[in-house]
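Visitor: I would enjoy a close look at one single residue here, along with the chain around it. Could you walk me through it?

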Amino acid sequence: MKKLSIFFLLFMTIVATSCYDDKSSTDFEVVKPIVIDFGDASTSVNVFQFDTLKISPIIYKNGVKDENLTYEWKIQGDKYPETVLSHKMTFSEPISVVPNSKAYNLILTVTDKTTGIQEFARISVSVQASLGTGLFVADTRDGQTSDISLIMSMNFSTRNFTDKDTRIFRNVYSSVNQHLLDGVVTGMSSLIRSGDCRTLTFVTADDVYRVDPYELVDKEKNNDIFVFPIDESEFVPKGILLWNYKGLELLNLDGHVYRRTTNWGNLTYDFYLLPPDFDERDYYVTMMGVCGSYYNELPYVFDKKNQRILTVSSWYDSFQQFPKQSSGAAFDVNNIGAYDAIWMGEGENSQLLTVFKAEQGNERWLGMMKYDPYGSNEKVGVRKFDLSHCPGISEAVGFASSPVSPDFYYATKDQIYTFSLGNAGEVVAESRYAVDKERDGDITSMRLWREEYSRMNVSNSSSSTGVSTQSAQNRLLVITTYKESTGEGKVITIPITQLRSGTLEPNRDVHGRYEGFGRITSVTYNNTSGY
């Protein structure tokens, strides 16, 4: 009887269970996933900094329209903040993060707006350095901030480049740092010593910045670059000069010149250079220049307060005054008079050339001097050229001289003039180039390109293409222009086809043209090879 009772209870339980309507299959729905398919593409990529990385995944979710999917690509890495780069399904963006030994993560987040469900994918991105030998260009578009670009081309010593290989890395500084440079850049200096240091220095009216020329990441500013703090009232940048052979950078702050010996990895400025022979007279430098080749290269400055030209002592801790000039000197380098120096450069046979402007009136003259550290130097002032009657000289915006020829050039906003320093008597300047104002605007600066490995195209009737490529070292004028109506600045290179006459390439189709900048305020050579 007991067994029957147990059987009956078990039977009733089964019946009750079979009568229960199980609705669990209708209470839950399997959520279809978001599909991210990269196909055969690798999820580990290499890219050069500032190059555009393109990734084209196939992304979908069954039953959901494409417009209900959103996309976010962001990059993250060691010591680099997460930065959103794109909100499109297909990624096509320049990679401006700095090169790093550790790969970055490029994270894709896909969101289904109908449910809020997300799917993720990761791309490993290794970034290699792109910046190298070329021309750094500082420009401004608002007159208050600046950006830095780099032109790599055969004109500017980028090895193995042809005229078709030119690359312009635009707005590199703001791309890397996500902000513009405060102030308008008035001077730059770039120096790279293999294994020792890499430094690119910017000078504005108020500040001094130092960055790595391979990366342009913000590093030091103002007193961060000095061993001893400089008083704020004296922190007035006036200019910067690179003494490349010695690895010495000279910075002019309110007339005093501070040195930075960059050899052995030193990247800080110490004391300012003392007056000659530690005399009691203070000095005020308004112009600096370097003259000479290799071990004979020396920096020179004009001390306006004492109307004299000085050079740096052999200990590099003070300035040195020249011996008393004899009556046979063309001018007294120790007593220039009531003039200011507005340009310094190197002429033929390592002669220092300086353009002087009268403190009152429009008088201008060019002084040629020759200094031998081992000679008597009683006639350092060799020749004096009166420039006052040269056309447009009072409006000159740039000067250039050749270390291998007596050619001398000056530019107004309209034209480039030249004359020979080898001629005796009155200076006669001839126009060699007139700017195309409708196309390019006004000339704003000029310099001679002196660096090795630079090349240029020139007209050649015997060539099948009508053009041949030649060395551009000491034979290429680099001008900058600005057109006010369009706000565009340009860099233009003009070959010198005949030394000693100053003849320039007449065919403008073979001139180098680098366009699309704002108002260019400074350019400098980025020498990645060092000495």
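Guide: Happily! Let us begin with the whole chain, keeping in mind that this is a predicted model. Its accessible surface comes to about 26300 Å², and carbon and sulfur atoms account for 49% of that. Buried residues make up 49% of the 531 residues. The C-alpha trace spans about 145 × 60 × 40 Å along its principal axes, and the radius of gyration is 33 Å, where a compact globule of 531 residues would have one near 24 Å. As for secondary structure, the chain holds four helices and 40 strands.

One of those strands is our destination: E14, residues 187-193, is where Ser-190 lies. Ser-190 counts as buried because its relative accessibility is 3%, and the cut-off for buried is under 20%. Its side chain makes a polar contact with the side chain of Asn-526, at 2.6 Å.

Who else surrounds this serine? Setting aside neighbours within four places in sequence, Ser-190 is in contact with Thr-524, Tyr-525, Asn-526 and Asn-527, and also with Phe-136, Thr-199, Leu-200, Pro-213 and Leu-242.

Stepping back to the chain once more, 56% of the contacts between residues at least 6 apart in sequence join residues at least 24 apart. Finally, a word on charge: the mean positions of the 52 positive and 67 negative charges are 3 Å apart.

Note on methods
Residues are numbered from 1 along each chain as its sequence is written. This is a predicted model: local features need pLDDT of at least 70, side-chain atom pairs count only at pLDDT 80 or more; totals for chains, interfaces and linings use all residues. Side-chain values use heavy atoms; hydrogens and water are left out. Helices (H or I, at least four residues) and strands (E, at least two) are DSSP runs, numbered from the N terminus. Buried means under 20% relative accessible area, exposed over 50%, partly exposed in between (1.4 Å probe, protein chains only). A polar contact is a pair of N or O atoms within 3.5 Å; within protein, one must be able to donate a hydrogen and the other to accept it, and residues adjacent in sequence count only if both atoms are side-chain atoms. Contact means heavy atoms within 4.5 Å. The radius of gyration is taken over C-alpha atoms; the globule rule is 2.2 Å times the number of residues to the power 0.38. Accessible areas come from the Shrake-Rupley method with a 1.4 Å probe; for residues, only the protein chains shown count as cover. Lys and Arg count as positive and Asp and Glu as negative; His and the chain ends are not counted. The place of a charge is taken as NZ of Lys, CZ of Arg, CG of Asp or CD of Glu.
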